[in-house]
Amino acid sequence: MGAKEEMNKETVRKAIEAFNVRDLEAYWDCHTEDTTYHEVYFTEPQTKEQMSKFMLDLWDSYPDWIIENKNMIACGDKVAIENEMSATFENDQAHLKATGKKFIIWEGVFFDMKDGKIQHMRMYMDRKSQESQLGLS
Amino acid sequence: MTKEEINMEVVRRAIQALNDRDVEGFLSSFTEDGTSHEVFFPEPLNLEEFRPFLEEWLNAYPDAKIDTQNMVAEGDKVAVENVVSGTFKNDLSGNKATGKSYQAREGVFFDLSDGKIKAERIYLDQKHIEEQLGIS
């Protein structure tokens with residue numbers, strides 16, 4: 001593995017760590033200004049501003065949301081990872097009433113990197129399993 | 001060819017076999033103890049469990065297509081992003097066929113050993129698919 005791949009992996013690791021300690025500034029330091037996120041929760045890719053609001057709401061509703069990286073591979077400016085995510089639905093989110101239940105789910109995430117920063121992210125996970133565990137379906 | 005190029009070619013051929021409705025060709029890409037962890041099942045399936053699921057899935061979606069959009073490889077690991085599409089023409093797993101079509105993105109991670117797939121893990125959003133198919 002070359003230096004570029006190692007640098008890109010380190011950026012992704014730092015972003016996950018920043019997410020886990022709720023450090024939004026450090027999180028976005030790992031990204032380009034024009035970064036986009038394509039989550040399963042949205043039909044279209046989201047901007048940095050849209051994702052900031054989403055993440056703050058998420059952390060409020062799921063105060064213990066944690067991401068644990070299980071696998072990471074890189075080639076050139078591409079990084080792909082598998083994570084285990086877990087969280088407890090403790091506070092209402094939009095129209096959803098908090099259930100106090102916890103989910104544990106795996107996700108696959110793909111990153112396009114530029115100059116050692118995350119430019120595009122695409123996330124894949126199963127909302128059906130997540131909602132079932134949370135008592136939302 | 002590098003190890004990564006060989007492994008990516010194995011994955012490409014496996015996907016092509018599925019697109020050709022060649023279940024045995026697809027399964028021949030796996031090691032004998034290979035497994036597939038689909039979101040539809042809580043635990044990974046071995047090949048004997050995987051075969052009937054694939055056959056039923058291809059029967060339910062006769063026009064099923066997997067279009068690979070991105071591939072990342074490092075050592076014995078390969079990850080791909082696909083767009084999967086199909087029309088629900090025949091009943092599957094207790095669900096009545098609706099005749100509706102779906103298109104969904106998925107991420108798939110492969111572990112390889114000696115040029116064969118030892119494990120695959122598929123990440124996709126069942127909810128999005130079921131909404132499109134009218135079975136939610």
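1. Let's start with the sheet in chain B of this predicted model. Strand β4 (residues 77–87) of chain B is joined to strand β5 (residues 101–113) of chain B by 11 bridges, and the two run antiparallel. If you want a residue pair to click on, B:Val83 has B:Arg105 in β5(B) as its bridge partner.

2. Following the chain onward, β5(B) also pairs with strand β6 (residues 116–124) of chain B, again in the antiparallel sense, over 8 bridges. Here B:Phe110 is a handy marker, with B:Glu120 in β6(B) as its bridge partner. The connection between β5(B) and β6(B) is a hairpin with 2 residues between the strands. Do have a look at B:Asp114 in that turn, where phi is positive at about 50°.

3. Stepping back to the whole of chain B, there are 4 helices and 6 strands. Their order along the sequence is α-α-β-β-α-β-β-β-β-α. The radius of gyration of chain B is 15 Å, close to the 14 Å that the globule rule gives for 136 residues, so chain B is as compact as a globular protein of that length. The C-alpha trace of chain B spans about 45 × 30 × 25 Å along its principal axes.

4. Two more figures fill in the picture of chain B. Of its 136 residues, 26% count as buried. Among the contacts between residues at least 6 apart in sequence, 56% join residues at least 24 apart.

5. Now for the meeting of the two chains. Chain A gives 20 residues to the contact and chain B gives 19 residues. On the chain A side, β3 (66–75), β4 (78–88), β5 (102–114), β6 (117–124) and α4 (127–134) each supply at least two residues. By class, that side of chain A has 10 nonpolar, 3 polar and 7 charged residues.

6. Which residues touch the most other members of the largest nonpolar core? In this core of 43 residues, they are A:Val79, A:Ala80 and A:Phe111 from chain A, with B:Val72, B:Val78, B:Ala79 and B:Phe110 from chain B. β5(A) contributes the largest share of the core, 5 residues. As general background, nonpolar side chains tend to be buried together in soluble globular proteins.

7. Finally, a closer view of one of those core residues. Leaving aside residues up to four places away in sequence, A:Phe111 touches A:Val12, A:Lys78, A:Val79, A:Ile118 and A:Met121. Among these neighbours, A:Val79 is itself one of the core residues that touch the most other members. B:Phe110, the bridge partner of B:Glu120, is on that list too.

Terms used. Residues are numbered from 1 along each chain as its sequence is written. Chains are lettered from A and ligands numbered from 1 in the order in which they are written. This is a predicted model: local features need pLDDT of at least 70, side-chain atom pairs count only at pLDDT 80 or more; totals for chains, interfaces and linings use all residues. Two strands pair if DSSP finds at least two bridges between them. Two residues are in contact if their C-beta atoms, placed from the backbone, lie within 7 Å. Ala, Val, Leu, Ile, Met, Phe, Trp, Tyr, Cys and Pro count as nonpolar, Asp, Glu, Lys and Arg as charged, and the others, Gly among them, as polar. The radius of gyration is taken over C-alpha atoms; the globule rule is 2.2 Å times the number of residues to the power 0.38. A residue is buried if 20 or more other C-beta atoms lie within 10 Å of its own, exposed if 12 or fewer, and partly exposed in between; C-beta atoms are placed from the backbone. A nonpolar core is a set of buried Ala, Val, Leu, Ile, Met, Phe, Trp, Tyr and Cys residues joined through C-beta atoms within 7 Å.
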